[in-house]
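User: I would like to go through the labels attached to this model and see what each one rests on. Please set the value against the cut-off wherever there is one.

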Amino acid sequence: KSLSVKCVLISRKRGIPPPDDTVEDFLELISYWEPLTLTQFLEKFALYMPAIVGDRDAVRRIAYEFVEMKAKEGVIYVEVRYSPHLLANCKVHPVPWGRKEGDLTLDEVVHLVNQGLQDGEKDFIIKARSILCCMRHMPSWSLEVVELCKKYQNNTVVAIDLAGDELLVSETFPEHRKAYEEAERCGIHRTVHAGEVGPPSVIKEAINVLKTEQIGHGYHVLEDPALYRELLSRKMHFEIMTNSTCLLCSVLTGACGPDFRKHPVIQFRKDKANYSLNSDGPLSLNSTIETGYRIAKQFLDFTEEEGNINAAQSSFLPEKEKKELLSKLYEAYGMVPNNPS
């Protein structure tokens with residue numbers, strides 16, 4: 001709800017009338033509680049993003065308050081992903097969300113987000129890093145994204161991502177492949193949204209063409225037993241989203257069936273897959289990471305320790321920082337590391 005308040009206030013400041021007069025009405029409009037397709041879910045962004053794009057103060061402030069929100073949820077390390085192109089309005093073609101050309105560049109967007117995250121780190125005593133997203137429907141943006149990853153590789157940015165409608169198979173867009181080849185060449189970590197609603201072939205493409213190190217979602221891998229066995233043997237990390245596309249929203253978007261107890265993550269856990277639970281789409285679902293944890297514990301026999309240790313081990317932090325993070329988690333959970341050395 002706090003994020004919804006920000007969107008309404010920013011809208012009014014910029015002279016963009018919000019769709020409804022009150023925060024409560026606006027939140028009701030952008031949230032959903034009944035099944036939608038993934039495409040319909042993504043359309044919700046168009047209701048509030050026009051208020052943010054091109055606004056320097058809004059971009060920095062939301063990054064800062066995102067860290068505050070995570071700290072209140074008890075998070076000690078977070079990797080947040082976003083598309084710089086969907087926040088800029090200068091030399092971005094087309095300008096997103098139907099806005100007019102302005103003067104906020106891609107480079108400045110990343111700089112402002114970095115400022116917000118770094119200020120939040122200092123004030124709330126947690127660690128925050130970012131992942132820059134390429135968009136499946138805009139292959140012309142991808143090479144610009146990887147250049148931003150290269151520039152800010154040692155300044156908050158830790159990886160590149162490919163997000164958006166999986167029905168647009170990225171293999172048909174050479175720009176995505178070239179961006180990921182450059183990322184691999186430069187030592188930039190790589191993750192891809194795949195297998196949320198798309199078939200196993202989208203996951204194969206992410207692995208074989210884009211050389212991803214992690215899979216966002218990946219539920220439909222179970223439809224290809226040979227591929228699933230391969231990824232299990234490779235300890236491929238599955239980023240299971242608790243809010244939007246795993247537990248609550250995977251049912252709402254139709255990515256999985258309506259019964260939580262038949263969710264693919266149960267099979268992942270049974271097979272000791274390398275997976276973790278992550279928050280996604282908190283504004284549209286008006287929820288936090290705890291929402292997903294609660295559902296997972298109730299229906300899936302999920303243990304927080306197991307998921308968070310996997311998440312830390314598969315994080316994109318440098319090895320020294322990763323070991324420090326793992327040490328904090330082992331201490332907090334009263335666990336003995338598998339490999340004390």
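User: Where does Lys211 lie?

Analyst: The model is a predicted one. In it, Lys211 lies in the loop between α8 (200-208) and β5.

User: Why is Lys211 called partly exposed?

Analyst: Its relative accessible area is 38%. Buried means under 20% and exposed means over 50%, so Lys211 at 38% falls in between and is partly exposed.

User: What makes the phi of Lys211 worth listing?

Analyst: Its sign. Lys211 has a positive phi of about 55° although it is not a glycine. Most residues other than glycine have a negative phi.

User: Which value does phi take in Lys235, and where is Lys235 placed?

Analyst: Phi of Lys235 is near 55°, a positive value in a residue other than glycine. Lys235 is in the loop between α9 (225-233) and β6 (237-241).

User: Why does Lys235 count as exposed?

Analyst: Lys235 has 55% relative accessibility. The cut-off for exposed is over 50%, so Lys235 counts as exposed.

User: How do you know that the peptide bond from His93 to Pro94 is cis?

Analyst: Omega of that bond is near -5°, and the bond is listed as cis. Pro94 is found in the loop between β1 (77-82) and α5 (106-124). Most peptide bonds are trans.

User: Why are His193 and Gly216 called buried?

Analyst: Buried means under 20% relative accessible area. His193 has 11%, so the label applies. Gly216 has 0%, so the label applies there too.

User: What does His193 touch, and where is His193 placed?

Analyst: His193 is in strand β4 (residues 189-194). Leaving aside residues up to four places away in sequence, His193 touches Arg81, Arg136, Asp161, Leu162, Ala163, Glu166, Gly216 and His217. Gly216 is in strand β5 (residues 214-217). With the same exclusion, the residues that Gly216 touches include Thr191, Val192, His193 and Ala194, along with Glu239.

User: How far apart are Gly216 and Leu162?

Analyst: They are 54 residues apart in sequence and 9.3 Å apart in space, C-alpha to C-alpha.

User: How do you know that Cys133 and Cys134 are in no disulfide?

Analyst: The structure holds 0 disulfides. For Cys133 the nearest cysteine sulfur, that of Cys134, is 7.8 Å away. For Cys134 the nearest cysteine sulfur, that of Cys149, is 7.1 Å away. A disulfide requires two cysteine sulfur atoms within 2.5 Å, so neither distance meets the cut-off.

User: Are these two cysteines buried or exposed?

Analyst: Both are buried. Cys133 has a relative accessible area of 5%, and Cys134 has 1%.

User: How many cavities of 30 Å³ or more are there, and what lines the largest cavity?

Analyst: A search of the whole structure finds 1 cavity of 30 Å³ or more. About 40 Å³ of space lies in the largest cavity, so the 30 Å³ limit is met. Its lining is Val265, Ile266, Arg269, Tyr275, Leu277, Ala296, Leu300 and Phe302. The largest share, 3 residues, comes from α11.

User: What makes the lining divide into 7 nonpolar, no polar and 1 charged?

Analyst: Arg counts as charged, while Val, Ile, Tyr, Leu, Ala and Phe count as nonpolar. The lining therefore divides into 7 nonpolar residues, no polar ones and 1 charged.

Terms used
Residues are numbered from 1 along each chain as its sequence is written. This is a predicted model: local features need pLDDT of at least 70, side-chain atom pairs count only at pLDDT 80 or more; totals for chains, interfaces and linings use all residues. Side-chain values use heavy atoms; hydrogens and water are left out. Helices (H or I, at least four residues) and strands (E, at least two) are DSSP runs, numbered from the N terminus. Buried means under 20% relative accessible area, exposed over 50%, partly exposed in between (1.4 Å probe, protein chains only). Contact means heavy atoms within 4.5 Å. On a 1 Å grid over the protein atoms alone, a cavity is a set of points where a 1.4 Å probe fits but cannot get out, and a pocket is an open set with protein on both sides within 12 Å along at least five of seven lines; lining residues have an atom within 4 Å of a point. Grid points are joined across faces, edges and corners, and a volume is the space filled by probe spheres set on the points.
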